[in-house]
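Student: I am new to this structure and would be grateful for a close look at a single part of it. Please choose one place where helices meet and describe it in a connected way.

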Amino acid sequence: MSRILSGMRPTGPLHLGHLLGALRNWVELQRTSECYFMVADLHALMGEYEKPGALRDNSINMVIDWIACGIDPDKSAIFIQSDLPEHSELAVLLGMLTPLGWLERNPTYKEQLREIEGRDLTTYGFFGYPVLQAADILLYRADKVPVGEDQLAHLELIRELVRRFNFLYGSDNSDALVEPQPNLTPQARILGVDRRKMSKSYGNAINLSDDEETVRKKIGSMITDPERARLTDPGHPDACNVFSYYGIFAKDRQPEVRSWCEGARKGCTDCKKELAGSVVEALRPIRERRSDLMKRISAEPGYLDEILRRGAEKARDTASETLRRVRRAMGLTRKTAVAAGGRR
Ligand code: TYM
């Protein structure tokens, strides 16, 4: 049975990018695999260490969203990264063998430094972001990691790190770490209303918790084919983000949309209005499940804590065994030290 680990940073409400780029795969994989789903609060802290006030609430809201989207706490271990110190310890150990150049070349690091304004990300913690992510995945000896396209560079670095570990310590310790493979959905890069990658920090996201009116408003503001200035100009659906959303939310309508767009028979405003109806319908069951869940939580205040406690317990069993193997490989096992001392 394959083993899955994935995570998300609790930096705010989940959006369509999270759902379509990763969460949909998580839900599917629960049927066939042993799954671990982690709230990456330490990773969130790397970006938000100056104002960590919302971290706890964001973490809880994220778990609520996961369950509303179909993550089943009876099947999968759901846990909070910082509840398991094993993540921090393995990150320190892996840091010993991670070349600086690999981190300097990391494209996400460079992109975030460039794009994120108003926060000082030139810290030791943020620089080591992929090393902690490596620890997250490797602790569970996960063979598959369901993520969106933006995580591929991290995954590649992590795979190289496993090879380096095995090169250095491998012959007797090849059971310690497993090389993970990424697992992408067909929509591994969802664009936001402004055509840049959908992201909370770009302010271009449609959130899973947005009410109907907000979803309609945001879709109404989506940038369409830039070459179609007037209603009478023929459009280019393949270059239009709205058309690609039809492919996700109303696939059977794509031929009709293509023909009215290319034939300039309907304007972008109407096209977006119709799309909004489909997106609202797709989000409705999630909204309903979230509201049921909220009722359950207010009737049973310990409900989520219990889910997170059980998740952490299951995660710890696997994580502590991996850490034991890594410590042994890197010469940190107490038994070895005593034996070596004895021989001297
Ligand atoms: P994060 O929190 O930025 O995003 C969580 C997941 O959602 C995907 N995603 C998207 N997919 C497609 N289109 C988008 N616009 C979009 N926006 C977000 C991301 O690819 C990701 O799969 N470093 C990770 C968190 C992490 C992690 C891990 C992931 C920490 N440890 C271990 C996997 C395994 C991150 O920042 O994801």
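Tutor: What follows concerns one helix pair and the pocket beside which the account continues.

This is a predicted model, in which local features need pLDDT of at least 70 and side-chain atom pairs count only at pLDDT 80 or more, while totals for chains, interfaces and linings use all residues. Residues are numbered from 1 along each chain as its sequence is written, and side-chain values use heavy atoms, with hydrogens and water left out.

Helix 2 (residues 41-48) packs with helix 8 (residues 129-138) at an angle of about 170°, and their axes are 10 Å apart. The two helices are therefore roughly antiparallel, a term for angles over 145 degrees. Helices here are DSSP runs (H or I, at least four residues), numbered from the N terminus. Helix 2 makes the contact through L42, H43 and M46, and helix 8 through Y129, L132, Q133 and D136; contact means heavy atoms within 4.5 Å. By class, these are four nonpolar, two polar and one charged residues.

Helix 2 and helix 8 are also among the elements that give two or more residues to the lining of the second largest pocket. Helix 4 (85-95) gives the most, with four residues. The lining has 17 residues, and A91, Y124, G125, G128 and V131 are the closest to the pocket's centre. By class, the lining has twelve nonpolar, five polar and no charged residues.

Key
Axes fitted to C-alpha atoms, helices over the stretch in contact; angles between N-to-C directions. Parallel < 35°, antiparallel > 145°, perpendicular 65-115°, else oblique. Nonpolar A, V, L, I, M, F, W, Y, C, P; charged D, E, K, R; others polar. 1 Å grid on protein atoms, 1.4 Å probe; cavity = no way out; pocket = protein on both sides within 12 Å on 5 of 7 lines; lining within 4 Å.
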